[in-house]
Amino acid sequence: LYRASIVQKRIIYFQDEGSLTKKICEQDSAAEGVTDKPILDCCACGTAKYRLTFYGNWSEKTHPKDFPRRTNHWSAIIGSSHSKNYILWEYGGYASEGVKQVAELGSPVKMEEEIRQQSDEVLTVIKAKAQWPAWQPLNVRAAPSAEFSVDRHRHLMSFLTMLGPSPDWNVGLSAEDLCTKDCGWVQKVVQDLIPWDAGTDSGVTYESPNKPTVPQEKIRPLTSLDHPQSPFYDPEGGSIKLVARVVIERIARKGEQCNIIPDNIDDIVADLAPEEKEEDDTPETCIYSNWSPWSACSSSTCEKGKRMRQRMLKAQLDLSVPCPDTQDFQPCMGPGCSDEDGSTCMMSDWITWSPCSVSCGMGTRSRERYVKQFPEDGSMCKVPTEETEKCIVNEECSPSSCLVTEWGEWDECSASCGTGMKRRHRMIKMTPADGSMCKAETTEAEKCMMPECHTIPCLLSPWSEWSDCSVTCGKGMRTRQRMLKSAAELGDCNEELEQAEKCMLPECPIDCELTEWSQWSECNTSCGKGHMIRTRMIKIEPQFGGTACPETVQRTKCRVRKCLRGPGMEKRRWKEAREKRRSEQAKKNIDSEQYPVCRLKPWTAWTECSTLCGGGIQERYMMVKKRSKSTQFTSCKDKKELRACNVHPC
């Protein structure tokens, strides 16, 4: 509760009254993201046509955490313009089976089926192709778009597309109202999009294994605090960086308009062109080039012909999913025979030729067609509906001649584009009566011309898995390859067929390295038995489990000439040694009875070498932890050790 107080005079003030108290409640997580804006009835007149353009902004550069480099994509866009009686999806609602299949699989098939079942509430089905990869510059690939219409009853639009791979994450708009309060049509809508969770899968990363959410949860927007492993996680709870933007622009209006406020854009047309009805059932795992232009019609008359276009299969990401044809045929007619010509008769295809009227010699045959649609201007059809032509069967009709059937229809051309061959066949009905061989040909071949081939240089297999790292420890390289599947004659391919990247494995063990042994020192005595030592220095300390360092000091016995001793001197030395032993023993007894033992701290670390090369010195110390208070015992002292270092030449 926020409370304000207003002091007007010293004895007149206001507090806790009306709007001076403000109550702010934490948002209920169950209701978070609920679509609660009221949908009003539309008062606009006529119809309006819009173009939806989708701009993806999800890439490794903008969202680097755990970005799926190999499989990132946007699924096919699916949506519709609809009435308020039908909602495709909404925050706080539950995902339908169609929404679930888009969210988890990227498949729009079930969603489109659900939309078409609502035919009375839907005006246009909105569809646009998938994008592999998710982001490319606009000068390389145009942003996907789709056109749709709205009217007074169906003035809302919704769509969704999956951010893949992901557990069940999507972006989209829900029930966007294109009708204004002033009874007009919205001119332009620009919306930045963040991903939302369909509530059907509990994964937290892009490539989490399937984990169905049971029971199903409500649709909600993702947040930066959902899970520490989430690619959108931000411990400070900031907003998620936008992944896409959608732009909806009005491109035309039709019919009488009833705007209260005049519209400043003159886009009223006599008739709205129908939305593109072309169905595209291409699986998202099949990556094609763009369609080539349509070829010229194979017919130069008003007789029905065909025209063709083609595309090249560039990659098949899932070999278990078949890819559809790479060629597309469409019926057509010659110039001046288009369906749009109001004085043109729409004719059926010709029915096949009748059999020849004779079985031997010259005869006639005919074929027919019928009027499918009379001219819109009411004129009569002047196009012939019957054709007759001469036919010759078995030119020689003597008993010694070979009798054959008529030629059959031509087979399809052997080539799908360019020049090919076609054949037709006939059969022998009766061999010559004199038993001679039949010399009549039963097969005939001729060249055929198909539309010009549009070569597409690169047809590539999917990338292989990354190879093992080139090393067993430390830094190395790994590679992956793909193969050129298109024929060599289709042209050069500049696409890379091999990629390499750095890889990092645990650090390699580093063994201890030592210098060579030094020369033996001189014997430590001038006479009698003694010892001498030699040393070597550690050049590299062992790391990451490497071999430990062996000994760095060796000692060996030495013997110098015998010591010369006189009898008096030897006796004096024996007496001094005995006195020394007695004194040391007395010290030990007193120290153990009256004073604590001398305690020392552990050795310190070695200091840095005094020089970088040419031989330096390192020191370490052992300090007294508890020193005796008695001045009689001075043996409890700090200790110091020295060793050589950096003995390599400068």
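**Salt bridges, cores and a surface patch**

Arg309 has a relative accessibility of 12% and therefore counts as buried, the limit being under 20%. This value, like the others below, was computed on a predicted model. The side chain of Arg309 meets that of Asp328 in a salt bridge, with N and O 3.1 Å apart. Arg309 belongs to strand E18 (residues 305–310) and Asp328 to strand E20 (residues 327–332), so the pair ties together parts that are 19 residues apart in sequence. Unlike buried Arg309, Asp328 is partly exposed, with a relative accessible area of 24%. Elsewhere, Glu60, Arg69, Arg478 and Glu501 are joined into one network by salt bridges that share partners.

Side chains of opposite charge can pair when their charged atoms come close. The whole structure contains 19 salt bridges, and two further examples may be set beside the pair just described. In one of them, the side chains of Asp151 and Arg154 meet at 2.7 Å, N to O, and both residues are buried. In another, Glu249 is bridged to Lys188, where the closest N and O atoms are 4.0 Å apart. Because Glu249 lies in strand E15 and Lys188 in strand E12, this pair ties together parts that are 61 residues apart in sequence. Glu249 has a relative accessible area of 33%, which means that it is partly exposed.

The discussion now turns from charged to nonpolar residues. In soluble globular proteins, nonpolar side chains tend to be buried together. The largest nonpolar core here has 36 residues, and the members that touch the most others are Tyr50, Trp74, Phe148, Met157, Phe159, Leu178 and Ile248. At least two residues of this core come from each of strands E5 (47–56), E8 (122–128), E9 (145–150), E10 (156–164), E11 (169–177), E12 (188–193) and E15 (244–254). The largest share, four residues, is supplied by E5.

Leu178 shows how such a residue is surrounded. Beyond its neighbours within four places in sequence, Leu178 is in contact with Tyr50, Phe148, Val150, His155, Met157, Gly184, Trp185, Val186, Val189 and Ile248. Another core lies apart from the largest one and has 16 residues, among them Tyr86, Leu88, Trp89 and Leu160.

Phe54 offers a second view of strand E5, in which it lies. With a relative accessible area of 1%, Phe54 is buried. Not counting residues up to four places away in sequence, Phe54 touches Trp74, Ile77, Gln131, Ala143, Pro144, Phe159, Thr161, Val171, Leu193, Ala244 and Arg245. For Phe54 and Pro144, a separation of 90 residues in sequence goes with a C-alpha to C-alpha distance of 5.7 Å.

Polar groups can also be followed into buried positions. Thr124 is found in strand E8 and, at 5% relative accessibility, counts as buried. A polar atom of the Thr124 side chain lies 3.2 Å from the backbone nitrogen of Ser149.

Finally, attention passes to the surface. Which residues form a nonpolar patch on the surface? The members are Ile510, Ile540 and Phe544, and together they have about 240 Å² of accessible area. Phe544 is placed in the loop between strand E33 (538–540) and strand E34 (553–560). Its relative accessibility is 47%, so Phe544 counts as partly exposed.

How values were computed: Residues are numbered from 1 along each chain as its sequence is written. This is a predicted model: local features need pLDDT of at least 70, side-chain atom pairs count only at pLDDT 80 or more; totals for chains, interfaces and linings use all residues. Side-chain values use heavy atoms; hydrogens and water are left out. A nonpolar core is a set of buried Ala, Val, Leu, Ile, Met, Phe, Trp, Tyr and Cys residues joined through side-chain atoms within 4.5 Å. Buried means under 20% relative accessible area, exposed over 50%, partly exposed in between (1.4 Å probe, protein chains only). Contact means heavy atoms within 4.5 Å. Patches are made of residues with over 30% relative accessible area and no salt bridge: like charges are joined within 9 Å, nonpolar side chains (Val, Leu, Ile, Met, Phe, Trp, Tyr) within 5 Å. Accessible areas come from the Shrake-Rupley method with a 1.4 Å probe; for residues, only the protein chains shown count as cover. A polar contact is a pair of N or O atoms within 3.5 Å; within protein, one must be able to donate a hydrogen and the other to accept it, and residues adjacent in sequence count only if both atoms are side-chain atoms.
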